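Subject: Structure handover

Hello,

Here is the structure for your files. Please open it next to this email and follow along.

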Amino acid sequence: MNIEEYFARISYNESHKDADLQTLTGIFQHHIQAIPFENLSMHCGETIELDLQSTYNKIVRKKRGGWCLESNHLLFWALQELGYDICILGGNSYEPAKAAYTAEINHILLKVVIKGNSYIVDAGFGGAYQAWQPLMLISGKDQPQMPGIFRFMEDNGTWYFEKVKRKHYIPEQSVPFTDTPELGNIRKIYTFTLEPRHINDFQELNTYLQVSPDNILQKKSICSLQTAEGLYGLVGWTFTEMKYNYMEDRDLVQITTLTDEEVEKTLKDKFNIVLENKLVPVNVRGLPPNLVDTI
């Protein structure tokens, strides 16, 4: 594994001699705009190994993406190589359909400390709830970014991460809408504690997500990538392009249904992904149909 090869993968060619916030932000933004959040391996008959060398080969050398366990693990390695004070944390994601957080930890995120200040760095959530910059770990403070306003709330050692949602404008519809409004325009994302974790703590989760028929990653083939203006998302055969418009508090959403052949072409053209094995797209009926509602 080589840090320069990783930088080439994410097209990062700026200075990295200082382990400061500016460098962290630059690397993070390049990472999320180059490495898709995707679970396509499990829909191609491939096993996902939670092993750093395997993850490196898949994402850096084969130019694939990965889910949170892979993408954040790779980012953890890169930032550690550069001398950052960093640790792994575990999160419990919010399930809108159940209006509850998961009982078990099912997400990985990173905490970075710079000059005494703690930041949450998470390149592995994907979709419209992916932050674009490191977030200062402070309770109750609104932190506006291009995707929207993020904030943390802390209660007795448990941290709650949420986003203020914006309205969606879909050209085919006559009126803008906010999908499934809940507590106004607040979308809960996940909870976490500051207990440091090791990547091996997630081995069981990595196996479970690939064999359990009940989790959303089994029920949907997902690929999303942050762009300069918003994001691309592919769920099953549904391709979504979102453009953030911070000034009007409204995001442009364009949704297209693809054929099997178009799925393969879209993966190559929009996500720079060429799969080794045949993808079987999945989007179980009865669940939200597109990326905007899914993640």
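Which helices do the buried residues of α3 pack against? They pack against α1 (3-9) and α4. One caution before the details: this is a predicted model.

**Helix α3 and its partner α4**

Helix α3 covers residues 52-61. Its buried residues are Thr55, Tyr56, Lys58, Ile59 and Val60. The axes of α3 and α4 come within 10 Å and cross at roughly 100°. That angle falls between 65 and 115 degrees, so α3 is roughly perpendicular to α4.

You can pick out the contact residue by residue. On the α3 side, look for Leu52, Thr55, Tyr56, Lys58, Ile59 and Val60. On the α4 side, look for Glu70, Ser71, His73, Leu74 and Trp77. Sorted by type, the residues of this contact are six nonpolar, three polar and two charged.

Lys58 deserves a look of its own. This lysine sits in helix α3. Its relative accessibility is 12%, and under 20% means buried, so Lys58 counts as buried. Leaving out residues up to four places away in sequence, Lys58 touches Ser41, Ile48, Lys63, Arg64, Gly65 and Glu70. One of these, Lys63, comes just after α3 and has a positive phi of about 55°.

**Aromatic pairs**

There are 18 aromatic pairs in the structure. One of them joins Tyr56 and Trp77. Their ring centres are 5.6 Å apart and the planes stand at 80°, so this pair is edge-to-face. Tyr56 belongs to helix α3 and Trp77 to helix α4, so the pair ties together parts 21 residues apart in sequence. Both residues are buried.

Elsewhere, ring pairs link a cluster. Its members are Phe125, Phe150, Phe152, Trp159, Phe161, Tyr190 and Phe192.

Take Trp159 from that cluster. Trp159 lies in strand β9, residues 158-164. With a relative accessible area of 11%, Trp159 is buried. Beyond four places in sequence, Trp159 touches Leu137, Ile138, Ser139, Phe152, Met153, Glu154, Tyr190, Thr191, Phe192 and Leu194. Asn117 is 42 residues away from Trp159 along the chain, and their C-alpha atoms are separated by 16 Å.

**The nonpolar cores**

The largest nonpolar core has 52 residues. Which of its members touch the most others? They are Tyr6, Ile27, Leu69 and Leu75. Helix α4, residues 68-81, gives the most to this core, with eight residues.

Leu69 shows how contacts reach along the chain. Setting aside neighbours within four places in sequence, Leu69 is in contact with Leu50, Ile108, Ile199, Phe202, Leu205, Asn206 and Leu209.

Apart from the largest core lies another, of 16 residues. Cys87, Leu89, Phe161 and Phe192 are among them. Phe161 and Phe192 also appear in the ring cluster above.

**Towards the far end of the numbering**

Leu231 is in strand β13, residues 230-235. Is Leu231 buried or exposed? At 1% relative accessibility, Leu231 counts as buried. Leu231 and Ile3 are 228 residues apart in sequence. In space, their C-alpha atoms are 26 Å apart.

To start, I would display α3 and α4 with Tyr56 and Trp77 as sticks.

Best wishes

Note on methods. Residues numbered from 1 in each chain as written. Predicted model: local features only at pLDDT ≥ 70, side-chain atom pairs only at ≥ 80, totals over all residues. Heavy atoms only, no water. Core = buried A, V, L, I, M, F, W, Y, C linked by side-chain atoms within 4.5 Å. Buried < 20%, exposed > 50% of the residue type's maximum accessible area, 1.4 Å probe, protein only. Helix = DSSP H or I, 4+ residues; strand = E, 2+ residues; numbered from the N terminus. Contact = heavy atoms within 4.5 Å. Axes fitted to C-alpha atoms, helices over the stretch in contact; angles between N-to-C directions. Parallel < 35°, antiparallel > 145°, perpendicular 65-115°, else oblique. Nonpolar A, V, L, I, M, F, W, Y, C, P; charged D, E, K, R; others polar. Phe/Tyr/Trp six-rings, centres within 6.5 Å; stacked < 30°, edge-to-face > 60°.
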